[in-house]
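Thanks, everyone, for making the time this morning. I would like to walk you through one fold, strand by strand, and then turn to what is packed against it.

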Amino acid sequence: MENLLQQHWETVYKTKTAQQVSWTEEVPAQSLALIAELNLPKDAAIADIGGGDSKLVDHLLAQGFTNITVVDISAAALERAKARLGEAAAQVQWVVSDVLAFEPTQSFALWHDRAAFHFLTNPADVQRYLQLLEKYVAGNVIIAAFSTEGPSKCSGLPVQQYSEGSMCSLMEGRFHKLKCDTVTHITPAAARQEFVYCGFSKQQQ
């Protein structure tokens, strides 16, 4: 399954430009606003899960963050991001991996995931993801997923839609909610997609 999934995403990134996929944001404003509210130190360990060729890493580097890991199942996606960043790409740790197979060597002050989590439609995979959060996140989590008013598919794959309530219930007992916002993303093709963005912090045992 992983190989087929990897092939799917490699094909997407090898055959479509950033302007031909729905998730492209010139400025990931909502993510940046939520991150700013956390007031993280510049050496905080940050993971961008399913980061692909997102420009979040560009903005984080520009803000002076020095410990950034970008994880994506598609090597082609990460190569696009590296090419765009040029020499600055050397400041980032790039990991080609399905998130469920990701084995970090550090814990993270921030785990950011815009639109990777909602591709997990199997409850067992969702639980595996939550176990990764418990194990590898020492601080905060930001997850953005399609809302119940958002698309039911993306890039030909089914997704799991979330409300603020269903997202928070998954995190209950693990992380406490900081805030949730419903945000409308305008795609490069001018379509509207509704997301729910939620920020959480790890509960102290």
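Let me begin with a pair of residues, Ala47 and Trp111, the latter lying in β4 and being the bridge partner of the former. Before I go on, please keep in mind that this is a predicted model, in which local features need pLDDT of at least 70 and side-chain atom pairs count only at pLDDT 80 or more, while totals for chains, interfaces and linings use all residues. Residues are numbered from 1 along each chain as its sequence is written, and side-chain values use heavy atoms, with hydrogens and water left out.

β1 and β4 run parallel and share four bridges, where strands count as paired if DSSP finds at least two bridges between them, and where helices (H or I, at least four residues) and strands (E, at least two) are DSSP runs, numbered from the N terminus. On to β5: this strand is also parallel to β4, over six bridges, and here Arg114 stands opposite Ala144. Six of the seven residues of β4 are buried, meaning under 20% relative accessible area with a 1.4 Å probe and protein chains only, so β4 is largely enclosed by the rest of the structure.

What is the order of the strands in the open sheet? There are seven, arranged β3-β2-β1-β4-β5-β9-β8, with mixed pairing. The edge strands, each paired on one side only, are β3, residues 92-96, and β8. β8 is joined to β9 in the antiparallel sense by 11 bridges, and there His185 has Gln193, in β9, as its bridge partner. As for the helices, α5 packs on the sheet and touches β4, β5, β8 and β9, a contact being heavy atoms within 4.5 Å.

That brings me to the interior, where the largest nonpolar core, a set of buried Ala, Val, Leu, Ile, Met, Phe, Trp, Tyr and Cys residues joined through side-chain atoms within 4.5 Å, has 32 residues. Those with the most contacts inside this core are Trp111, Phe117, Tyr129, Leu133, Val141 and Met167. Which element gives the most to this core? It is α5, with six residues. Leaving aside residues up to four places away in sequence, Tyr129 touches Val99, Leu100, Trp111, Asp113, Phe117, Leu120 and Ile143. Finally, there is a second, separate core of 28 residues, including Ile46, Ile68, Leu110 and Tyr197.

Key. Buried means under 20% relative accessible area, exposed over 50%, partly exposed in between (1.4 Å probe, protein chains only). Axes are lines fitted to C-alpha atoms, for helices over the stretch in contact, and angles run from 0 to 180 degrees between N-to-C directions.
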